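User: I should be grateful for a close look at a single part of this model. Please choose one helix and explain how it sits among its surroundings.

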Amino acid sequence: ADLPPDRTLDLADTVLLVPTAEAGRRLRRALADWAHARGGAVSVPHVWPPHLALSSEEDRAIRASELQGQIAWVRALEKTPTKQLHALLPKPPESLSWSWLKSMAETLSDLQETLGAGGLSMADVAASSALPEIERARWQNLALLEAAQRAELSRQGLVDVQTSKRMRARRPVLPVGVRRIVVLAAPDLPPLLEVWLAACAQEGTEVILAVHAPEVEAAGFDA
């Protein structure tokens, strides 16, 4: 607001974290319109939806694709004796047909993605003290399969997407020169983003959360 009209608004030192890619496009357009009306300019090189915060160039080079992940699930199912999966498969199929393996691989991949959104792995659930005992054996079977799937990917020099995101959340990588992160209009960030923001703050990066609410309601929001 205090910027002289003929000056460039340079946000090269700031990551603007927005809820979606579409929100990022709309923000860039609004800033461009604002700068044009003032006869100035704006530079906003770092407008990120959440997935960009959890993905660096290094991560993308070794991150398994969706197809690679599902093939690894198929191989894990083929190599793990069904007798070790009794809680998960009390009545296993007589033969591991391709259609059955493909369907199971898709189901396991979806489950892995759902858990990953909350920052969890199947092994994390299996080890949870909050897990009902009646479910523990089933999750232990799932954790066994998950370990086998990761081993398959590791043999190819790859890492599954959810493991990669959890690692990056704890070890953030920010562009050179960035000194602050501003979270805009994102009141319900994925749990891994909270881990990422906390790790950034611990490394000395300023973190600002902008909440669209009257200032008198500030006490109604948690950290």
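Analyst: In this predicted model, helix H7 is followed by glycine 157, whose phi is positive, near 75°. The helix itself, H7, has 23 residues. From its first C-alpha to its last, H7 reaches 34 Å, close to the 33 Å expected at 1.5 Å a residue.

The next matter is which residues of H7 are buried. They are Arg136, Trp139, Asn141, Leu142, Ala143, Leu145, Glu146, Gln149, Glu152 and Leu153. The cover over these buried residues includes helices H4, H5 and H6.

These helices also meet in a nonpolar core. The largest such core has 18 residues, and Trp73, Leu77, Leu108, Met122, Trp139 and Leu145 are those with the most contacts inside it. At least two residues of this core are supplied by each of H4 (66–79), H5 (98–117), H6 (122–126) and H7 (133–155). H5 gives the largest share, 5 residues. As a general background, nonpolar side chains in soluble globular proteins tend to be buried together.

Tryptophan 73 illustrates the contacts with H7. Leaving aside residues up to four places away in sequence, Tryptophan 73 touches Leu145, Glu146 and Gln149, among others. Each of these three, Leu145, Glu146 and Gln149, is listed among the buried residues of H7. Other contacts of Tryptophan 73 include Ala105, Leu108, Ser109, Gln112 and Met122. Apart from this core lies another, of 16 residues, among them Leu17, Ala169, Ala186 and Trp196.

How values were computed: Residues numbered from 1 in each chain as written. Predicted model: local features only at pLDDT ≥ 70, side-chain atom pairs only at ≥ 80, totals over all residues. Heavy atoms only, no water. Core = buried A, V, L, I, M, F, W, Y, C linked by side-chain atoms within 4.5 Å. Buried < 20%, exposed > 50% of the residue type's maximum accessible area, 1.4 Å probe, protein only. Helix = DSSP H or I, 4+ residues; strand = E, 2+ residues; numbered from the N terminus. Contact = heavy atoms within 4.5 Å. Expected span 1.5 Å × (residues − 1).
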